[in-house]
Amino acid sequence: MQTSFLTKYREARLPWYTIYPTVPEFSARIGAETYEEWLRDLPADDPVSLYLHVPFCRSLCWYCGFPTTIARHDAPILNYLALLRDEIRLVSKQAPQALPVSDVHFGGGTPTLVGSAELLALMELLRRRFALRKTATIAVEIDPRTFTTEIAEALGAAEVNRASLRVQSFDPIVQKAINRVQSEAQTVAAVEELRRHGVSRINFDLIFGLPNQTVKSCVETAAAAVAMRPNRLAVFGYAHIPSAIKNQRLIEETALPDSAARAEQAAAVAETLVAAGYREIGLDHFALPDDELALAQTAGRLRRNSLGYSADTCKTLIGFGASAIGRVGEGYVQNEVTRDSYSRHIAAGRLATSKGYRLSDEDRVRAAIIDRLMCDLEADVPAICAAHGFDPIRFLDSAERLAMLAEDGIVDIEDGFIRVRQEHRFVIRAVAAAFDAFLDRVAPKHSQAA
C-alpha cells in the first residue's frame, strides 16, 4: 500500500488511547467525595502505582504540548512541593492502611528541579505513608541540560532505578528550531552519571516530524542514541496544534515535514532501532529483549495507562499534583488542572479532584479491546467479551470502521479475531478508534498528529 493511501489514517486526529474513555468524557459529577469513597474501598493488600506531577521547567521548548511553568527561581517549585506533600498526606489518610506500592513515577516537567534534599525528603514521606515494595520501580523524568552529579547522588540514595531522558533530536539545526539546544555530550554525561549511581534502567524520548528534520538527521539521532544503549526508547510524532498550544506558534510551519516525510522518518527510525537489537513495542516504543516492556509483551502482560506503555499490572494508579490523572476503584479521577485552583483546594485541607468518570460494564469491555489492540496489535474480541459476559456481535457490529480498515488492508479479521498488519502498526489508533463509542464517526479530520 502506498504511503499516500495511508494519509487519511495517519493524519486523523484521534486519541492516544492511554486510557478509555478519554479525558473529554470526564465529568464534574465525579468529585472529591466520590474519590474519597473509592480510596476507602481499595483492597488493603492490592499493590498500587503512584504518579507525582511536577510541572516546572527552566526553559520553554517550543514543541512541548504539556502544561508546564517556566521557573527561573526555586521559590514557586518549593511552594508547590509543600502542597504536594500535603496532598500525599490527605490521600493516604483515606486509604484503609499503608497501601503496597509497586511503581512510582515522577513526571510532568523536570521533577529533579526540586533539588536533592527535597527529593530525598519526598521519597521518605512516600515510604512513611505507603508500603513501597523492595522490588518497586521508581522512575523519574530528566532534562540532561539541568542534570547534576548532586542530583544523581540523590537519585541513587532514594533508590530510583529508572530514568527517562528527553533527547528529541541531536541535530543542532532542529534543536535551534524548537528552542532546545542539548548536546550529545550532555546526554552521554547524564547517562554515565545515572549508571554510576545505580540508576541502571534508562529510557530515551525521540521525536520525528520536527521543523527542519530529515530522514538523515532522524537516523543519525537514533544511531547516536543506540550508542548509549538505553533500555528502551519512545519515538513520538510531533503534533503541531498552534491554535491550542501557544508556544508552538513560535515554530516556523513552513519548516515542518509533510505527511509523507513524517512517515519516512518514522519508518527509518524504527528500522535503525530494530537493526540495533530493539524490539518494537506497540505503537511507538522500542525495548531491548530483556527490558520489562519486551518481557511483558512476550508474556501478554503489556498494558496502557495514563503514562503510556507499561509493564505495571496494578489496577490502581494514584495521581498527585495539578492535573494528575488516576484510576481508582470504579473509574478515573483528575485533579484541578491549574496550579492556582489545585493550591486552593489542598491548602484548605481537601482533595483537589475536579472531575472524573465512573466506568460502566460496557466501558470495561471496550477498554479491554482497545488495550489489546494498542499493546499487541491484535485482539480476540469474542474471548474478551466472553470474559466480561457480553455478546461479541454487539461490539463487532457497532465497530463501523472495521470494514473499511479491512478493505484498505490495514487489518485481517477472522471470526472476530482482529490482527493489525505489522507494516501498518503506525496507524493502530485508527483501529482502536473503531471500538470508541464516544468518537465522532464522521470522516477523519486532518492534522499534524502522529
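**Exercise 1. Cysteine sulfurs**

Task: Determine how far the sulfur of Cys 61 is from the closest cysteine sulfur, and why the two are not bonded.

Solution. Step 1: the closest cysteine sulfur to that of Cys 61 belongs to Cys 64, at 6.4 Å, which is too far for a bond. Step 2: apply the criterion, in which a disulfide is a pair of cysteine sulfur atoms within 2.5 Å. Step 3: treat Cys 57 in the same way; its sulfur lies 6.5 Å from the closest cysteine sulfur, again in Cys 64, and this is too far for a bond. Step 4: the count for the structure is 0 disulfides. Step 5: add the accessibility, where buried means under 20% relative accessible area, exposed over 50%, and partly exposed in between (1.4 Å probe, protein chains only). Cys 61 is buried at 8%, and Cys 57 is buried at 14%.

The model is predicted: local features need pLDDT of at least 70, side-chain atom pairs count only at pLDDT 80 or more, and totals for chains, interfaces and linings use all residues. Residues are numbered from 1 along each chain as its sequence is written, and side-chain values use heavy atoms, with hydrogens and water left out.

**Exercise 2. Overall dimensions**

Task: Compare the radius of gyration of the protein with that of a compact globule of 450 residues.

Solution. Step 1: the radius is taken over C-alpha atoms, and the globule rule is 2.2 Å times the number of residues to the power 0.38. Step 2: for 450 residues the rule gives a value near 22 Å; the protein has 21 Å, which agrees. Step 3: along the principal axes, the C-alpha atoms fill a box of roughly 55 × 55 × 40 Å. Step 4: of the 450 residues, 57% count as buried. Step 5: with contact meaning heavy atoms within 4.5 Å, take the contacts between residues at least 6 apart in sequence; 73% of these join residues at least 24 apart.

**Exercise 3. Two helix residues**

Task: Locate Thr 272 and Ala 367 in the secondary structure, and state whether each is buried or exposed.

Solution. Step 1: helices (H or I, at least four residues) and strands (E, at least two) are DSSP runs, numbered from the N terminus; the protein has 16 helices and 19 strands. Step 2: Thr 272 belongs to helix H9, residues 259-275. With a relative accessibility of 18%, Thr 272 counts as buried. Step 3: apart from neighbours within four places in sequence, Thr 272 contacts Val 219, Ala 222 and Ala 223. Step 4: Ala 367 sits in helix H12, residues 361-376, and counts as buried at 18% relative accessibility. Step 5: Ala 367 and Ile 19 are 348 residues apart along the chain, yet 7.6 Å separates their C-alpha atoms.

**Exercise 4. Backbone angles in loops**

Task: Give the loop that holds Pro 21, Glu 159 and Asn 179, and the backbone angle reported at each.

Solution. Step 1: Pro 21 is placed in the loop between helix H1 (7-10) and helix H2 (32-40). The peptide bond leading from Tyr 20 to Pro 21 is cis, omega being near -10°. Step 2: Glu 159 is in the loop between helix H5 (149-157) and strand S6 (162-168); although not a glycine, Glu 159 has a positive phi of about 65°. Step 3: Asn 179 occupies the loop between helix H6 (172-178) and helix H7 (184-196). Phi of Asn 179 is also positive, near 60°, in a residue other than glycine. Step 4: at a relative accessible area of 32%, Asn 179 is partly exposed.
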